[in-house]
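Visitor: Hey, can you walk me through this one? I'm new to this.
Guide: Sure, let's have a look.

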2 protein chains.
Amino acid sequence: MQPYELSLAAAARQIRARRLSPVELVDSVLDRIEQVDPQVRAYVAVTAEQARGAAREAEREAARGVFRGPLHGVPAGLKDLIDVAGTPTTASSRVRAGHRAAADSTVAARLRAAGAVLVGKTHTHEFAYGLTTPQTGNAWDGGRVAGGSSGGSAVAVAAGAATFALGTDTGGSIRVPAALNGVVGLKPTYGLVPRHGITSLSWSLDHVGPITRTVEDAALVLTALAGHDPRDPASVDRPAVDHRPEQEPDLTGVRVGVPGNYYFDHVDAEVAAAVRRAVAQLEALGTRLVEVDIPMTRYIQAIQWGLMVPEATAYHERTLRTVPELYQADVRILLEAGELMGAGDYLRAQRARTLMRGEWNRILEEVDVIAAPAVPMTAVRVGQETATWPDGTTEQVSDAYVRLSSPANITGLPALSVPVGHDTAGLPIGMQLLGRPFDERTLLRVGHAYERTQPARVLAPLAAPATPVAPE
Amino acid sequence: MQPYELSLAAAARQIRARRLSPVELVDSVLDRIEQVDPQVRAYVAVTAEQARGAAREAEREAARGVFRGPLHGVPAGLKDLIDVAGTPTTASSRVRAGHRAAADSTVAARLRAAGAVLVGKTHTHEFAYGLTTPQTGNAWDGGRVAGGSSGGSAVAVAAGAATFALGTDTGGSIRVPAALNGVVGLKPTYGLVPRHGITSLSWSLDHVGPITRTVEDAALVLTALAGHDPRDPASVDRPAVDHRPEQEPDLTGVRVGVPGNYYFDHVDAEVAAAVRRAVAQLEALGTRLVEVDIPMTRYIQAIQWGLMVPEATAYHERTLRTVPELYQADVRILLEAGELMGAGDYLRAQRARTLMRGEWNRILEEVDVIAAPAVPMTAVRVGQETATWPDGTTEQVSDAYVRLSSPANITGLPALSVPVGHDTAGLPIGMQLLGRPFDERTLLRVGHAYERTQPARVLAPLAAPATPVAPE
């Protein structure tokens, strides 16, 4: 097994045990990028020089027995909305030509402080305003969409081109590409991970979080990222928590809510079946299944768009006037639509969000987590714009991908996407676990317990032959 | 001394000691209303029958030694935005003709539970959307404005026509009329007192709170009103607090912030002098004065109006379309203006509010309270629309009255208005104390300590000769 194939937890353990050197690991990942990125196009820019320098430094420290933190020497990709001092944050947009970040974002600084080595910036749907990431190909089938907007990060992790990555999630942009590429994606509770230094799409819905190969890896990254930073006005000040799950978690008595409505409506049969099998597995692990009724479902789309559209437009106000031609047409049209929205629509969306948050919190008094599909269908072919459901209705692909994710953005609840197998075309399927505010620990515990019952996951079968991701 | 002249604390003590009967007190207040209300027009409706019935019931209970709570048998007026089951909530508007509240608002129910006797509904500026309350005359000079929008409540308390009253405050509507009529007004921290059953002006700025004759009285009422109610989405769930100040509070070491900017700019010289004398009195009581710099002052007005205007319009959306002619012209114009506001303006106001809240909270790490004028000038003559300042600038009267109050609405911080004397025309002057979120206790302690150093306050000199308000 090559170092690039290791999970984050396994790589970190081997580095700490001095059985793997940071230089060896980073070189392995950089070689892998060179090999596969021309095919998947996950990266906007690879900072190989700096990464090799940081790896040598990490190796020298390790030789002295100094380990900065649990991510010491582990290579990471950052979605290119996230500032890294001295490098451009392109947002995968021509609007950002000539950009150069003056300082690290909070999350970049925290990853470095925990020892991570930044290897490059990954593609986003332009300014995170879309669900496909057209520059990037799906790791399992290059003719299919990567999902978005954190498509580059998910594909890099799925392809072995980063040991882990960060994404952002405004309507599903971590969970959708994680599900479509067979990796783990965590959207933390609103306010838990500071967004200072990250290009905003919609500040009341934006989140930043990890994309990893295992649930345990997500917990390791979250522990490094979480914590108050007053430079993000939404950041909350709470005691630090170690989010890592026990190695052998006991789920006895955990109440798992299974939606009786909404989350299994207009969902591909293979996706629904895989998620229901995973839910049955959770029951076999000792959880108690409880049917739950998802509230206010007919307002979800209106609230998501009612909040996101004017907030996105406000952020782009100036450039939309000065350089509209530099935006891709799909993004520019959405931004221009935001200029026409009245204050009344926006505030009604906010009020409805408050009500919806209350309703969800009530459900989460009765259950500890909710298990549901992450997305209603696996990765569609590039260029496919609509999906048709058995009842004859059709839906925009982007609406379909956002629909099961956005409730967690609207309510701010934490949500984890976990791979639960593949459809008959070989495309990955994701299950979504939603939990109580700031109770990531339960989500990660349930996800980890599920994951332990499954065969070791494989990297996406790109040029190199697929091999299992062993924990050690 | 007549019962209607008693402070709430004194009346409650005499009732509990069986030296005063609820019937006697309520009859005295109802007689006083009959005597003075034709002159001041504080009340929309007096519910004398029900009040007498409730007083008899309170008397029977007292005879059995049953006291519902600290307000047992004490008559109260409610601003006519506050629902009382079975009576109309007119909002002093023709739009509400035929209205009848189905149930008590949370605050009405809590006052009843604490034993208060509701004697009537007091005038508001139509739908609380103004700062004069044109129906009502100032208690100290009928040719001058009552202030608003809780003008009826403040005048009733100042005139002896209610032992205490409730008002609402969106940009100063409790503190402004309290200051202009020489009584105490408390705008509690946002989220402390539930607004369920109260007609909304602007839900993100609306507050409800007491108008009383003494600071101790305000503490008694606040203690009865505070506490979580999930039917107000902004209501917070916190442990109950007894807000009553110690009888002989010690202010040694309390840090009092005195604004070096904004709060004393464009303020009438007599008002500024009276507030500075009161601040010197606080220093004599052992507090430490600290000059503070008020942040983001040039955004205050834009934020207040940027939030209030579209929120008010959203509430009135339907009636503004169906019966626009029933609104007073000043209110209708403001509501119609709200229809033209874009989502971008509203969300920029919200973002600026978040920043301002952070800045104020930083100041309140360095001081315990901030002392400032409540309003920049005493009550203006009815019909006066602008104020002219010594530097030659002029200002709308409503802008002047709202300007020193709105920071506490924007930030949600608690703010108390306390009488600090009269100008040479005999008109009352108010000092405003602002404090940390949910730290009403410190505000009330400081206000009470100040009040104890002053001569007993007198009711407004209406038809009957003025007599001191004795504590017992």
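Visitor: Is H14(A) largely enclosed or open, and why?
Guide: H14(A) is largely enclosed by the rest of the structure, because 11 of its 13 residues are buried. Buried means under 20% relative accessible area, with a 1.4 Å probe and protein chains only. Among the buried ones are A:Leu443, A:Leu444 and A:Tyr450.

Visitor: What do they pack against?
Guide: The buried residues of H14(A) pack against helices H7 and H8 and strands S5, S9, S12 and S13 of chain A. Contact here is heavy atoms within 4.5 Å. Helices (H or I, at least four residues) and strands (E, at least two) are DSSP runs, numbered from the N terminus.

Visitor: Can I trust the model?
Guide: This is a predicted model, so local features need pLDDT of at least 70 and side-chain atom pairs 80 or more, while totals for chains, interfaces and linings use all residues. Residues are numbered from 1 along each chain as its sequence is written.

Visitor: New topic: how many strands form the sheet?
Guide: 11 strands form an open sheet with mixed pairing, in the order S1-S3-S2-S4-S6-S5-S12-S13-S9-S7-S8 (chain A). S1 and S8 of chain A stand at the edges with a single partner strand each, so one side of each has no neighbour in the sheet. Two strands pair if DSSP finds at least two bridges between them.

Visitor: How do S7(A) and S8(A) pair?
Guide: In the parallel sense, over 5 bridges. A:Gly257 has A:Val290 in S8(A) as its bridge partner.

Notes. Chains are lettered from A and ligands numbered from 1 in the order in which they are written. Side-chain values use heavy atoms; hydrogens and water are left out. Buried means under 20% relative accessible area, exposed over 50%, partly exposed in between (1.4 Å probe, protein chains only).
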